[in-house]
Amino acid sequence: MQDLAAARALVQAAGGRPGALCVLTGAGMSAESGIPTFRDALTGLWARFDPAELASEEGFRAQPQRVWDWYAERREGVRRAEPNAGHHALAGYARLWPGTLVLVTQNVDDLHQRAGNADAIRLHGDILADRWLQPCPRRPGCRPVDASPGRPPHCGECDNLVRPGVVWFGEELPAPALAAARRASENCAVMLVVGTSGAVWPAAGLVSRARQRGAQVLIVNPAPSEIDDQAHRVLRGTAARTLPLLLDSPRAGA
Ligand code: APR
């Protein structure tokens, strides 16, 4: 209880100060909305599927239809899901203290945005967005034609494939998003880390960056993560149960 009260005091004290609270979220943030995480034993996607086959450009080029179908299934899961109490608590805090919260997410679902954090910084892209596999050499560029049996949507003239707008392993993060996330981690007074194993860089590096610049680091995760050593306080709980306790303001109900 002591850690929760202390963490809550830090988060509430940040209210009203521009950029004082940086929040980094991972797949655990959406777990209670029914979207599987990546590395949880048994239920995690990478416990059931090979990321080299399904989340890399090489894998997509080798089996475009299989990869496309796998993302189509995940997209359906995202469309069926609803933001949980954790997503809503972050959106409520942002409404109550405009400009205080900078939300950085590794998640490719749109639950933060649907809850009200339209300006969330997306480090790993958007699973509901399409983009071309390669830049098109011609002018005007590629025009997608619908998927045909055994082939994802592609350009009718140069066969360029449509791929999901996510960052695959071995790919660079979008530079503007990474730069904004780094600035936010450097300028915050409190870094709140929710539902990430801290296994993937450069996202995980944002936490040590914030700590090195004097921020208080708080972690919300029901299980140990690879970045617990960076935390001043670790709250062993879930996103949907713990974030309302941390973020909801007594004024919110007034
Ligand atoms: N609430 C909070 N945390 C949770 C919950 C929950 N309900 N359920 C699970 N967790 C925690 C797990 O304990 C774990 O530490 O969420 C974390 C999920 O870790 P990962 O599955 O590794 O997901 P993430 O850290 O987001 O992965 C980073 O890896 O595969 C790539 O690009 C993908 O963005 C992803 C990146």
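The following exchange concerns helix packing, the ligand site and two backbone features in a predicted model.

Colleague: Why are α1 and α11 called oblique to each other?

Modeller: Helix α1 (residues 2-14) and helix α11 (residues 239-247) pack at an angle of about 55°. Angles under 35 degrees count as roughly parallel and 65 to 115 as roughly perpendicular, with over 145 being roughly antiparallel and the rest oblique. The pair is therefore oblique. Their axes are 8 Å apart.

Colleague: What makes up the contact of α1 with α11?

Modeller: From α1 come L4, A7, R8, V11 and Q12, and they meet T242, L245, L246 and L247 of α11. By class, this contact has 6 nonpolar, 2 polar and 1 charged residues.

Colleague: How do you know that a backbone atom of A27 is in polar contact with the ligand?

Modeller: The cut-off for a pair of N or O atoms is 3.5 Å. A polar backbone atom of A27 is 2.8 Å from an oxygen atom of the ligand, so the pair qualifies as a polar contact. For Q106, a polar backbone atom is 3.3 Å from a ligand oxygen. For A239, a backbone N or O atom lies 3.0 Å from a nitrogen atom of the ligand. The protein buries 92% of the 740 Å² that the ligand exposes when taken alone.

Colleague: Which residues come nearest to the ligand?

Modeller: Of the 22 residues around the ligand, those are F38, R39, T196, S197 and N221. The shell divides into 9 nonpolar, 10 polar and 3 charged residues.

Colleague: What makes the bond between W201 and P202 notable?

Modeller: The peptide bond joining W201 and P202 is cis, with omega about 10°. P202 is in the loop between β8 (190-194) and α10 (205-212).

Colleague: What is the phi of D159, and where is D159 found?

Modeller: Phi of D159 is positive, about 65°, although D159 is not a glycine. D159 sits in the loop between β6 (154-155) and β7 (162-166).

Terms used:
Residues numbered from 1 in each chain as written. Predicted model: local features only at pLDDT ≥ 70, side-chain atom pairs only at ≥ 80, totals over all residues. Heavy atoms only, no water. Axes fitted to C-alpha atoms, helices over the stretch in contact; angles between N-to-C directions. Helix = DSSP H or I, 4+ residues; strand = E, 2+ residues; numbered from the N terminus. Contact = heavy atoms within 4.5 Å. Nonpolar A, V, L, I, M, F, W, Y, C, P; charged D, E, K, R; others polar. Near = heavy atom within 4 Å. Polar contact = N/O pair within 3.5 Å; in protein donor to acceptor, adjacent residues only side chain to side chain. Areas by Shrake-Rupley, 256 points an atom, 1.4 Å probe, with all protein chains shown as cover.
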